[in-house]
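Got the viewer open? Here is a walk through the model, one selection at a time.

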Amino acid sequence: MSGIPRPTVEKLLKENEDHKCSDSEVCVKLVALADLPTLYGNYQVAAFWNNFDRKEHAAFVHGDVVGMEEVPVRLHSECLTGDAIGSLRCDCREQLVQSLKRIGEMECGIVLYMRQEGRGIGFMNKIRAYQLQDEGYDTLKANEVLGFKPDERDYDLAAHMLGSLHVKSVRLLTNNPEKIKDLQTHGVKITSIIPVVVPPNEYNRFYLETKRRKAGHMLDSSRKEIFLEQRDDLVDDHHWNP
Ligand SMILES: [Zn+2]
Ligand SMILES: [Zn+2]
């Protein structure tokens, strides 16, 4: 199976054993990497340790991304109801599957899978917000509980994970302009944006509409790829060359 070759994996693991950022910084270590054939293509799965949130974040890697420029990358936040159960209240699973399929067809790429349910508010709060909506609660109030402010340290973690895999620059699969800025701030060089468009269903139409309105998501973009010029002054690259 193609992917990151075994000698490179060994080298990465060794390098990560010895790796340490200062105590005040978010630090990530690659601890294991194994083959993972999936319904959506040949992948490898990487498990990461971090000193920040005790969650076990993952990267699903297709092809040999180590030392590569312009690697397609999708940043995904765990959604138990969507990813595993196929809930129609959101579009998480659709976005995840579409990203895995598209990257699986490309030469290489990565899906970073962040174990932060409901964008970091946690599973209980997410279901509380669903419950409020079911009770006919003011949807704006429920969305407040759902929270539209991701912790910026999530991006620090993601940036470090890409750095640990020696990814030099990325083509980001996203509809969310905030993700672009936040990743850039943490030193990720983004060369272009690839929109991931999922048509709404009757259950998530309002949710998607709110996401677009409140967070400026580019859900209606019909463009295949949007090229960016890197704003070097935005970049804090303390994680970029671990
Ligand atoms: Zn580190
Ligand atoms: Zn979801």
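**Start at a loop**

Select Glu-70 first: you'll find this residue in the loop between β3 and β4. Keep in mind as you zoom in that this is a predicted model. Check the backbone torsions here, since Glu-70 has a positive phi of about 50° without being a glycine. For context, most residues other than glycine have a negative phi. Is Glu-70 buried or exposed? Neither label quite fits: Glu-70 counts as partly exposed because 16 other C-beta atoms lie within 10 Å, and buried would take 20 or more.

**Step onto β4**

Now select residues 71-77, which make up strand β4. This one is mostly covered, with 6 of its 7 residues buried. Which strands flank your selection in the pairing? Colour β5 (residues 109-114), which runs parallel to β4 and is joined to it by 5 bridges. Then colour β6 (residues 170-173), another parallel partner of β4, this time with 4 bridges. To see the register, pick Val-73 and look for Ile-110, its bridge partner in β5. For β6, pick Pro-72 and you'll find Arg-171 standing opposite.

**Into the core**

Keep Val-73 and Ile-110 highlighted and add Leu-112, Ala-158, Met-161 and Leu-162: of the 44 residues in the largest nonpolar core, these six touch the most other members. Next, show helix α6 (residues 152-164), which gives the most to this core, with 6 residues.

Centre the view on Leu-112. What does Leu-112 touch, leaving aside its neighbours within four places in sequence? The contacts are Ala-59, Val-73, Leu-75, His-76, Ala-158 and Met-161.

**Out past α6**

Move on to the loop between α6 and β6 and select His-166. Here's another residue other than glycine with a positive phi, near 60°. His-166 has 19 C-beta neighbours inside 10 Å, so it counts as partly exposed.

Then jump to helix α7, residues 177-185. Select Lys-179, Asp-182, Leu-183 and Gln-184, which are the buried residues of this helix. If you look down the axis, recall that an α-helix has 3.6 residues a turn, so residues three or four places apart point the same way. After α7 comes Gly-187, and its phi is positive too, near 95°.

**Back to the hairpin**

Return toward the N terminus and select β1 (residues 28-38) together with β2 (residues 41-50); the two pair in the antiparallel sense over 10 bridges. They form a hairpin, with 2 residues between the strands. To find the turn end, click Thr-38 and look opposite for Gly-41 in β2.

**Zoom out and colour by confidence**

Finally, show everything: the protein has 8 helices and 8 strands. Of its 242 residues, 35% are buried. Among contacts with a separation of 6 or more, 68% are between residues 24 or more positions apart.

Switch to pLDDT colouring. The average over the protein is 86, and 86% of the residues score at least 70. Which elements sit at the two ends of the scale? Strand β3 (residues 58-62) has the highest mean pLDDT, 98, while helix α8 (residues 205-215) has the lowest, 72. As a general habit, where pLDDT is low, the predicted coordinates should not be read in detail.

Notes:
Residues are numbered from 1 along each chain as its sequence is written. Chains are lettered from A and ligands numbered from 1 in the order in which they are written. This is a predicted model: local features need pLDDT of at least 70, side-chain atom pairs count only at pLDDT 80 or more; totals for chains, interfaces and linings use all residues. A residue is buried if 20 or more other C-beta atoms lie within 10 Å of its own, exposed if 12 or fewer, and partly exposed in between; C-beta atoms are placed from the backbone. Two strands pair if DSSP finds at least two bridges between them. A nonpolar core is a set of buried Ala, Val, Leu, Ile, Met, Phe, Trp, Tyr and Cys residues joined through C-beta atoms within 7 Å. Two residues are in contact if their C-beta atoms, placed from the backbone, lie within 7 Å. pLDDT is the predictor's confidence in each residue, from 0 to 100.
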